Amino acid sequence: MIETIDDATTRRVYRAIKSEVRAIKLMWQTGDDLIQRDHVSDATVDSKARSFLQTFFEKHVQPLPASAWDVPDQVRKGVLIPTYRVPGMDGPTDPAEKADAGVGGLSEALRWKYPSAWEATCFLLLLLVLTGWNQDTALNLDLDGDWCRLHPLNNDLAVIQAKKGKTETIQTAICLRKPELYPERLLQALIARTEPLRQELRRQLAEVETQINEAAAPTAELQREFDRLYIMIRSPWIYVNRSDFSVGCLLPWQTFKYPGVVLRAIVAKYDIRGSKGGVVEIKPGDFRDAWIGFSYVHSGYSWLIAKIAAGHRSMDALRNYFRQRRWRGYSEERVSALLSVIWTEIRGRRLIDGAVLRQMVERGEITDQERERLEQGRNRTRMGMGCRDFNHPPPEIAPGHPSGVGCMVQRCVLCRHALLFADSIEGLCRRKAELEHVCANLGMITWLESSFPDEEEVLDEALNLFDRALVEVRIEFWRSKIAAGTHFVFEFQGYYGARG
């Protein structure tokens, strides 16, 4: 299933796209070196080719007037093929170019300096991987708007934003500013590369505007052309058409399947295969699924973090997304694995234990030593819960945890390593009374800005699994102990509990 493509495969696809973008940037840098008569980045480019390209761009492309494409036939011939080739293609990609070596030569020469639809799409795919946006949002980037700004709290970060076409809501992505292939610098490189094309579009727009102003009754066709040019100028996704050498653009309202074509060609080029050995079936929308899924898992299955990653307005929207997309297939796999493990335990004539089942489903196996420890309660924390990896708590639970020692934070209900037992009720009830005491003694703003409310919400869900009357009795017992001063409550989010 496409929806359940694994994370390892997604990473391989990401690295392949990044390699393509690097190769494209190297091609452009080599072209610039040729034109400027400087050191050439690619040593395979010979002196004859350098001389041709220098003459070509100096006389016929810069500063890119409308007549730049009317190049004499003798100049078109013999163009050096650019260092970066479109995957799966040898020589010119357009049928007309294959029939006319002259046209092919001009097209190849332009690729040294300006993106074609292919190159622009490679940049688009990398942005989709890095931001988790859908295609519509990325194509709605508006260069006249506040598309990029410094992070208000950290100057090493940038905030990229665009409108989601269907709902008009603002989608944001935070990225480091320094890496060359992260969103901010990736887009800036493409914008700088296409600025001469944008200047040509501004010239065309001025001509159309003059026609509209001089016409007694401007036609609808003229107004549409004005709108089209205006939108293209504000987009980073402009390119040179290889068929007629006009300036084109990846527009959000088009039924645009080309990114999928490019992505499949890249996957085929790098021979990326799934876990079962078959060719990976992937589409651009799967990057968004992978982004949200990664955020959900690595935040300890936090719905809030997943909601932020998805850019959804409500939890209901996120639930529907999970139900219909990636996590539907994931859930089916988990249920199948659980049934298989249960029957394995039954055939082995063992008592069905929830902690054992969970460890076998998530890790695929459990050793006899681990079974013994679970049965004897030696993996229990101060909250009476089990722990699948006591010496390696998740960084979001215990940041800066020293290597080789047991977890000293033990906020178990927030941890993905936690295992709930039938006799965990005492530790959970004690923690409930402790959180009530912390809430009563902290300022409301401090409480709300902490992770204590999240812990209390999850804790209440866990306590709902036990007898309600017994839960109330045990919580009241610990309330009285705290009030009498015989039980001390740590009032810090990262408090250090006993090492069980």
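1. A welcome to this structure can start with one term: a cavity is a set of grid points where a 1.4 Å probe fits but cannot get out. With that in hand, please keep in mind that you are looking at a predicted model.

2. Let us begin with the enclosed spaces. There are 2 cavities of 30 Å³ or more, and the largest cavity holds about 100 Å³ of space. Its lining is made up of 15 residues, and those nearest the centre are Cys-387, Cys-407, Gln-410, Cys-412 and Cys-415. Sorted by class, the lining of the largest cavity has 9 nonpolar, 4 polar and 2 charged residues.

3. Next comes an open space, the second largest pocket, with a volume of about 1000 Å³. It is lined by 30 residues, and Val-129, Leu-130, Trp-291, Phe-294 and Ser-295 are the closest to its centre. Two or more lining residues come from each of α1 (7-36), α6 (117-131), β3, α12 (285-298) and α13 (303-310). Which element gives the largest share of this lining? That is α12, with 7 residues. As for class, 19 of the lining residues of the second largest pocket are nonpolar, 8 are polar and 3 are charged.

4. Strand β3, named above for the pocket, also belongs to a sheet. This open sheet has 3 strands in the order β1-β2-β3, and their pairing is antiparallel. At its edges lie β1 (148-150) and β3 (170-176), each of which pairs on one side only. On average, and with direction ignored, neighbouring strands of the sheet are turned by 25 degrees against each other.

5. You may like to look at one pairing in detail. Strands β1 and β2 (residues 157-163) run antiparallel and are joined by 3 bridges. One residue to find here is Arg-149, whose bridge partner in β2 is Val-159.

6. Finally, a single residue is worth a visit: Ile-352, in the loop between α15 (326-347) and α16 (354-363). Is Ile-352 buried, partly exposed or exposed? Ile-352 counts as partly exposed because its relative accessibility is 41%, and that class runs between the cut-offs of 20% and 50%.

7. What does Ile-352 touch, leaving aside its neighbours within four places in sequence? Ile-352 is in contact with Ile-342, Glu-345, Ile-346 and Leu-357. Of these partners, take Ile-342: in sequence it is 10 residues apart from Ile-352, and the C-alpha to C-alpha separation of the two is 7.3 Å.

Notes. Residues are numbered from 1 along each chain as its sequence is written. This is a predicted model: local features need pLDDT of at least 70, side-chain atom pairs count only at pLDDT 80 or more; totals for chains, interfaces and linings use all residues. Side-chain values use heavy atoms; hydrogens and water are left out. Helices (H or I, at least four residues) and strands (E, at least two) are DSSP runs, numbered from the N terminus. Buried means under 20% relative accessible area, exposed over 50%, partly exposed in between (1.4 Å probe, protein chains only). Contact means heavy atoms within 4.5 Å. Two strands pair if DSSP finds at least two bridges between them. Axes are lines fitted to C-alpha atoms, for helices over the stretch in contact, and angles run from 0 to 180 degrees between N-to-C directions. On a 1 Å grid over the protein atoms alone, a cavity is a set of points where a 1.4 Å probe fits but cannot get out, and a pocket is an open set with protein on both sides within 12 Å along at least five of seven lines; lining residues have an atom within 4 Å of a point. Grid points are joined across faces, edges and corners, and a volume is the space filled by probe spheres set on the points. Ala, Val, Leu, Ile, Met, Phe, Trp, Tyr, Cys and Pro count as nonpolar, Asp, Glu, Lys and Arg as charged, and the others, Gly among them, as polar.
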